[in-house]
Amino acid sequence: GHDDHDDHSDHDDHDDHADEEIAFDPHSWLDPLAFKAQVNLVLSELKTAFPDLADTFQSNADAYMAELDNLHVKYEDAFGDNGTCTNKAVAANHNAYSYLGQRYGLDFITVHGVDPEGEPTAADITKVVEKIESGGITVLFLEEYTSESAVSSIVEQTVSSDLPDGVQTLTLYTMELPPMDYDDDYMSMMQKNLDNLKIGLGC
């Protein structure tokens, strides 16, 4: 874990770089085990505030944390050391996934320029397309709210003999905004992320 970080003086630059990214990535909840720690914090606050309801809070939290453990196992089964997915390189339009990447050994290649909230310029799209072509990327993961027009223009420009339909685009949920589908919650979106990552990594 992070506690024994100082014992390793032989860290290479890559690891330092990962730590820097983590420092600026608030999306810790995309790691089920980090999210579980947050649930525990909330639980203790709730018990302090409403001691009469402590048992109820505890049993609800236990059930939820068990679900988080199951979710973690599913990700481990796919991406862990003995996981079914051997390809670990994932191209995404936003680096919100450093926690997820660090936990499961996924290598997120960030293709900037396609912002969920704004329209990309032609130059942005050109940059993304170049990165897709030079990186041999076949799947581009986008956030839920990324504009359709941004995506379609990228896909059109990546059509080639290798990618007759252009790059495939799949959703990776960051949960920064309320879900478009009211039936979605943390568990369902993390399951969709897992399913989409497995499709995108061909495993």
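Select helix α7 (residues 186-200) to begin: this helix lies across β1 (89-92), β2, β3 and β4, where contact means heavy atoms within 4.5 Å. Helix α7 runs at about 160 degrees to β4; axes are lines fitted to C-alpha atoms, for helices over the stretch in contact, and angles run from 0 to 180 degrees between N-to-C directions. Helices (H or I, at least four residues) and strands (E, at least two) are DSSP runs, numbered from the N terminus.

The model is predicted, with pLDDT of at least 70 needed for local features and 80 or more for side-chain atom pairs, while totals for chains, interfaces and linings use all residues. Residues are numbered from 1 along each chain as its sequence is written, and side-chain values use heavy atoms, with hydrogens and water left out.

Next, display the four strands beneath the selection. They form an open sheet in the order β2-β1-β3-β4, with parallel pairing; two strands pair if DSSP finds at least two bridges between them. At the edges are β2 (107-110) and β4 (168-171), each of which pairs on one side only. From one strand to the next, the twist averages 40 degrees.

Zoom in on strand β3 (residues 139-142), which four bridges join to the parallel β4. Select Leu-140 and then Thr-169, its bridge partner in β4.

Turn now to the salt bridges, of which the structure holds three. The term denotes a side-chain nitrogen of Lys or Arg within 4 Å of a carboxyl oxygen of Asp or Glu. For burial, buried means under 20% relative accessible area, exposed over 50%, and partly exposed in between (1.4 Å probe, protein chains only).

Return to helix α7 and select Lys-192 with Asp-184, whose side chains meet in a salt bridge (2.9 Å, N to O). Lys-192 is partly exposed at 29% relative accessibility, whereas Asp-184 is buried at 9%.

Select Arg-103 and Asp-31 next; their side chains also form a salt bridge (2.9 Å, N to O). This pair links distant parts of the chain, 72 residues apart: Arg-103 is in helix α4 (residues 98-104), and Asp-31 is in the loop between α1 (13-23) and α2 (32-49). Arg-103 is partly exposed at 37% relative accessibility, while Asp-31 is buried at 4%.

Finish with Lys-36 and Asp-69, a salt bridge with its closest N and O atoms 2.8 Å apart. Lys-36 in helix α2 and Asp-69 in helix α3 (residues 54-79) are 33 residues apart and link distant parts of the chain. Lys-36 is partly exposed, with a relative accessible area of 24%, and Asp-69 is partly exposed at 29%.
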